[in-house]
Amino acid sequence: MKSTVTREGTNRGGRMALWRNRDFMLLWSGQAFSSLGTTVTQTAYPLLVWDLSHSAALVGLVGGLGTLPYIFLSLIVGALIDRWDRKRLMIVCDTGRAINLVSVLVVMWLGRLTVAQICANTLIEGTFYVFFNLAEVSCLPQVVSKEQIPLATSQNEATTGTTVLVGPALGGALYTLSQSVPFLADAISYVISVITLSFIKVPFQGKRQEGQQRKLLAEIREGLAWLWHQPLIRYIAFLTGGCNFIGAGLLPVLLVLVKQQHGSSLAYGTILTIGGVGAIIGSCWAHQFRSATALVRSLFASSGLRLCAFRSTR
């Protein structure tokens, strides 16, 4: 028999329904706004760089700089967040990200914005994102009960999928209104995140016992050794990393093609949104196959579609 939710927000097993978990709902709602804002600026940054430089190389450079911190800092940050107060760290990161965007707005309004500053802002944003993202993932088991973790994770993934669908088109539409509007909207989303985080009462990590903390390098080596001895996870990590690297390189090409066809910023964002629809359809389709089969089929399909797109532009 399916469990039902009572008026008090608990099911018949006595467990609290997820929507009644005040701390999780604060965390989730704040990150929903923040993720949407981030997707909006991820769409607006390439458009802004293109308008300033008309250089596909610089568009690609700005996009690449945003990913560098995750590549080089994730192992170190993963060990550090176990030593620091995660909630305070997340508040500091989102405050820093808001200030970072405000600096873009101020210089833009003064008419002195350059690609060099955008590169610096993108690198700063990427660095804050590494710390925030890893802290957020690590704090979830502290915010919800063990039984609620699968449902909470599903809700977070559904929210991410929604922002992937809505964000690019919204970013293109806001950029069409004004170059500054997407960045202002994202800065406001970070302020909302800081406010919701401040109202969360539960601690984001358990207390470590005396002598439990080890040297930073030892923990990093242990993590690398564990990954290397997990063949499937290691393979997926390298495969997805390579695909993301290639996919990121296609964004400048897509932007140039749209602009060459005199497409608008909204058209560019809409195309990215269509890509998000394809990703969701693919995730629903993939569960019908074994992981290896799904990976091979998706790679062949992706390669074929990209080849057709390339031939059609010649």
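These legends accompany close-up views of a predicted model.

**View 1. T196 within its helix.** T196 lies in helix α6, which spans residues 181–198. Its relative accessible area is 11%. T196 therefore counts as buried, since the cut-off is under 20%. The side chain of T196 also makes a link inside the chain: the backbone oxygen of S193 is 2.9 Å away.

**View 2. The surroundings of T196.** Which residues does T196 contact, once neighbours within four places in sequence are left aside? They are L26, S29 and G30. T196 itself belongs to helix α6.

**View 3. Two buried cysteines.** Is C93 buried or exposed? C93 is buried, with a relative accessible area of 2%. C139 is buried as well, and its relative accessibility is 0%. A search for disulfides across the whole structure finds zero. C93 and C139 are therefore buried because their values fall under 20%, and neither is part of a disulfide.

**View 4. The start of the chain.** Residues 1–15 have pLDDT under 50 throughout. How many contacts beyond four places in sequence does the model have for residues 1–15? The model has 19.

**View 5. A second stretch with pLDDT under 50.** Over residues 299–314, pLDDT again stays under 50. For this stretch the model has six contacts beyond four places in sequence. For the chain, the mean pLDDT is 79. A pLDDT of 70 or more is reached by 75% of its residues.

How values were computed
Residues are numbered from 1 along each chain as its sequence is written. This is a predicted model: local features need pLDDT of at least 70, side-chain atom pairs count only at pLDDT 80 or more; totals for chains, interfaces and linings use all residues. Side-chain values use heavy atoms; hydrogens and water are left out. Helices (H or I, at least four residues) and strands (E, at least two) are DSSP runs, numbered from the N terminus. Buried means under 20% relative accessible area, exposed over 50%, partly exposed in between (1.4 Å probe, protein chains only). A polar contact is a pair of N or O atoms within 3.5 Å; within protein, one must be able to donate a hydrogen and the other to accept it, and residues adjacent in sequence count only if both atoms are side-chain atoms. Contact means heavy atoms within 4.5 Å. A disulfide is a pair of cysteine sulfur atoms within 2.5 Å. pLDDT is the predictor's confidence in each residue, from 0 to 100.
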